[in-house]
Amino acid sequence: MVIAVDGPAASGKGTIARALAKHFGPPHMDTGMLYRAVALTMFRFGGSPGSEFEAVRACEGVAQVDPSDPELRSEAVSAIASRISAYPGVRAALLERQRSFAASSDGAVLDGRDIGTVIAPNATAKLFVTASPEVRAQRRVRELLERGMPAHYEDVLIDIRARDERDSHRAAAPLRQADDADLLDTSDMDVDEAIAAAIALVEARLAHA
């Protein structure tokens, strides 16, 4: 069983994917953390996000990044990750790592931007999780403040919209809902409601698999 969870930034897809993995049992991969690991490597060693060559080279250091490093969630690293994820070379460098995880004999739950369209097009169940930009900005601000990081709603909203534009219009694996993915709009849902809705959608897919 492979479950693909796609969606824009701060839509709740990561929380939902972790809950699905806990409920159904397969291991989980947050593919966005791979791009953040590349971004953190560039951030710490002075690489230029404007250089695809330097971004591709930074992919070699992904395995050395501690997944629990709090700086992976910083806005500075997020901004770099959003830029470098548009590079075809970066996506190609990280592609096999993601596909290998999806091919695990234990099954897999993966969340990202192109799981259902590129990484695991034959996934058992696919969700496209979204919410309005305003709601997503509010969530991101709350998340950052809880981590003790500075955050301003207007700035975060501008950044969310800019990321949506980049993700949806990049040449390599743009963000889009797969034709066979179930849409889950979490704008008016709390966490528990969103998780319950996601589980119900996946169970419906499994019943017809």
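1. Helix H8, residues 153-169, has the length one would hope for in this predicted model. With 17 residues at 1.5 Å a residue, H8 should span 24 Å, and its end C-alpha atoms are indeed 24 Å apart, so the two figures agree.

2. Which residues of H8 are buried? They are Val156, Leu157, Asp159, Ile160, Arg163, Asp164 and Asp167. Looking down the axis of H8, you will find these buried residues within an arc of 165°, which means that they line one face of the helix. You may like to note that the list includes Asp159, Arg163, Asp164 and Asp167 along with Val156, Leu157 and Ile160.

3. Turn to the other side of H8 and you meet Glu154, Ile158 and His169, which are exposed. As for the buried residues of H8, their cover includes helix H4 (75-84) and helix H7 (133-146).

4. Now the sheet. Five strands make up an open sheet with parallel pairing, in the order S2-S3-S1-S4-S5. The edges belong to strand S2 (28-30) and strand S5 (182-185); each has a single partner strand, so one side of each lacks a neighbour in the sheet. From one strand to the next, the twist averages 20°.

5. At the S2 edge, the partner is strand S3 (residues 108-112), paired with S2 in the parallel sense over three bridges. If you want a spot to look at, methionine 29 stands opposite leucine 110 in S3.

6. Finally, helix H1 (residues 13-24) packs on the sheet. H1 touches strand S1 (2-6), S2, S3, strand S4 (125-130) and S5, and its direction makes about 180° with that of S3.

Key: Residues numbered from 1 in each chain as written. Predicted model: local features only at pLDDT ≥ 70, side-chain atom pairs only at ≥ 80, totals over all residues. Heavy atoms only, no water. Helix = DSSP H or I, 4+ residues; strand = E, 2+ residues; numbered from the N terminus. Expected span 1.5 Å × (residues − 1). Buried < 20%, exposed > 50% of the residue type's maximum accessible area, 1.4 Å probe, protein only. Arc of directions from axis to C-beta. Contact = heavy atoms within 4.5 Å. Pairing = 2+ DSSP bridges. Axes fitted to C-alpha atoms, helices over the stretch in contact; angles between N-to-C directions.
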